[in-house]
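Reader: I would like to learn how to read the features of a protein model with some care, taking the general idea before the particular case. Could you take me through one?

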Amino acid sequence: MALRRLCVIVLILISTVSFARTPARPALPEAPAECQINAVPDPLLDTVALRKVLNEEVCLQEARNLHAKYFPNPGPSVTRTIAGLHLHGDAEVLRLGTSILGTLPLPSALARAQHCPDMICTLTMIFGSEEGALRALVIAKREGIVPTISQRVFNLLKQDFASVSAFTGAEGVIWTTSELRVMEHAFRALPPSMRRMPRMQTIARVPAGTSMGARWMKDGNDFTVAVAQPLAAEWGSRTLLHELSHHLQGISISSGPKWTRFKELSGWERDPDWERKAQQNTPLGLAFRQSFGWNARKTDACFPSEYAKKNVWEDYADSATEYLMGTPDFAFKCPSKFRYFRDHVFPGFVVKPPVMDCNSDDAN
Ligand SMILES: [Zn+2]
């Protein structure tokens with residue numbers, strides 16, 4: 001229970017990690033958020049604007065291709081009334097779109113879609129672009145993780161952050177097209193063991209303004225990832241990998257020999273007297289409360305980041321993230337952890353940085 005409780009309350013601060021480029025590991029390409037293509041500089045034109053238009057066209061076309069791939073044969077058209085909207089269309093699209101809207105859709109989002117006859121139109125009006133609508137549907141179908149815009153997660157977080165101004169007055173936040181692009185690209189590069197993981201249901205955007213960047217949290221019997229900062233570029237990929245690593249560890253690893261092995265090689269041990277020490281109203285007591293007694297014991301233990309030193313769970317999530325991001329110096333900095341993830345957690349998975357170019361083919 002302690003583990004579950006910790007994981008639910010765990011706060012994420014993705015550490016700054018230096019990227020020493022070496023030829024031994026694949027380097028991380030530029031951010032996916034811009035879907036970069038080569039624009040020909042033209043002094044007579046506004047080159048930046050030109051590139052932006054071209055990029056959006058390329059990215060929209062990629063999203064249409066993805067949608068056609070994952071929704072190849074529309075079923076018979078059905079009609080549903082969803083959150084007051086009368087929609088008709090393919091049953092699967094309606095079902096997934098309903099999940100995106102969530103059990104408690106944002107009122108402002110629904111207001112924009114009042115005159116839409118189908119779910120694609122509805123999602124296009126809500127996300128502000130056809131590309132965002134199509135990518136959200138592809139993520140929901142391909143990964144089984146729904147990029148929701150429901151107030152439900154927001155309300156769950158409110159219970160913890162009732163005093164934070166960002167959580168008062170706001171109704172919620174809608175994913176931007178750029179964020180959905182980052183998310184779709186990042187999910188596409190996941191190893192098999194992190195795809196369609198049981199009980200990982202939704203990823204929700206919540207208002208920024210708290211100290212948290214993202215959080216893995218329990219939502220009834222399922223789990224969701226709540227993101228409270230703009231999901232941009234590399235930070236977005238890292239954040240998603242970090243949170244999904246928590247889920248992988250919590251669902252599949254936590255009670256087995258792989259977890260024991262990780263704790264051994266990391267040098268993490270539990271202080272047998274931690275519960276008494278955690279009651280002390282001191283910085284040390286707070287540290288014990290936050291780590292549930294798990295403190296680093298070995299002075300020669302290796303950590304991929306400063307944040308990984310917080311406790312064994314953050315160590316696991318950050319180490320997995322470094323491995324999956326293909327961070328060039330991780331294998332040299334923490335060879336035992338690198339081998340652990342390569343041989344025991346992601347066997348057979350070759351690190352492949354997220355696809356960053358909208359011209360590229362869908363990897364799956
Ligand atoms: Zn974490």
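Author: What follows goes from the whole chain to its sheet, a hairpin, a helix pair and a few single residues. Please keep in mind throughout that this is a predicted model.

Reader: Let me begin with the whole chain: how many helices and strands does the secondary structure come to, and what share of the residues count as buried?

Author: The secondary structure comes to 15 helices and eight strands, and of the 364 residues in the chain, 41% count as buried. As for contacts in the chain with a separation of 6 or more, 69% of them are accounted for by residues 24 or more positions apart.

Reader: Now to the strands: in what order do they lie in the open sheet of four strands, and which of them stand at the edges?

Author: In general, strands of a sheet pair through backbone hydrogen bonds, and they do this either parallel or antiparallel. Here the open sheet of four strands has the order β3-β4-β6-β5, and its pairing is mixed. At the edges stand β3 (146–148) and β5, each of which has a single partner strand, so that one side of each is left without a neighbour in the sheet. From one strand to the next, the twist averages 25 degrees.

Reader: Which pairings make up that mixture, and how many bridges does each hold?

Author: Strands β3 and β4 run parallel and are joined by three bridges, and within this pairing T148 has A204 in β4 as its bridge partner. Strand β5 (residues 214–219), by contrast, pairs with strand β6 (residues 222–227) in the antiparallel sense over six bridges, and there R215 has A226 in β6 as its bridge partner. The hairpin of β5 and β6 has two residues between the strands, and in it G220 takes a positive phi near 70 degrees.

Reader: Which helix lies across strands of this sheet, and at what angle does it run to β5?

Author: Helix α9 (residues 233–253) lies across β4, β5 and β6, and runs at about 35 degrees to β5. E243 has its place in this helix and counts as buried, with 26 C-beta neighbours inside 10 Å, because the cut-off for that class is 20 or more. E243 also illustrates how sequence and space can be read side by side, being 74 residues from A317 in sequence and 7.1 Å from it in space, C-alpha to C-alpha.

Reader: Where else do two strands form a hairpin, and which residue there takes a positive phi?

Author: Strand β1 (residues 77–82) and strand β2 (residues 85–90) run antiparallel and are joined by six bridges, with T79 standing opposite H88 in β2. Their hairpin has two residues between the strands, and A83 takes a positive phi near 50 degrees in it.

Reader: How should I read the packing of two helices, for example α3 and α5?

Author: Two packed helices are described by the angle between their axes and the distance between the axes. Helix α3 (residues 91–101) packs with helix α5 (residues 119–127) at an angle of about 25 degrees, the axes being 9 Å apart. Since angles under 35 degrees count in this way, α3 is roughly parallel to α5. The crossing of the two helices is left-handed. On the α3 side V93, L94, G97 and I100 take part, meeting M119, I120, T122 and L123 in α5, and the residues of this contact divide into six nonpolar, two polar and no charged.

Reader: Where do R196 and F292 lie, and is each buried, partly exposed or exposed?

Author: R196, whose phi is near 50 degrees, a positive value in a residue other than glycine, has its place in the loop between α8 (177–188) and β4 (200–205). R196 is exposed, with 11 other C-beta atoms within 10 Å. F292 is not a glycine either, yet has a positive phi of about 55 degrees; its place is in the loop between α12 (283–291) and β8 (294–296). With 19 C-beta neighbours inside 10 Å, F292 counts as partly exposed.

Reader: Finally, what surrounds F330, leaving aside its neighbours within four places in sequence?

Author: F330, found in helix α14 (residues 330–333), is in contact with P304, E322, Y323 and F338 once those neighbours are left aside. F330 is buried, with 24 other C-beta atoms within 10 Å. From S319, F330 is eleven residues apart in sequence and 8.4 Å apart in space, C-alpha to C-alpha.

How values were computed:
Residues numbered from 1 in each chain as written. Predicted model: local features only at pLDDT ≥ 70, side-chain atom pairs only at ≥ 80, totals over all residues. Axes fitted to C-alpha atoms, helices over the stretch in contact; angles between N-to-C directions. Parallel < 35°, antiparallel > 145°, perpendicular 65-115°, else oblique. Left-handed = near helix turned anticlockwise from the far one by under 90°. Contact = placed C-beta atoms within 7 Å. Nonpolar A, V, L, I, M, F, W, Y, C, P; charged D, E, K, R; others polar. Buried ≥ 20, exposed ≤ 12 C-beta atoms within 10 Å, placed from the backbone. Pairing = 2+ DSSP bridges.
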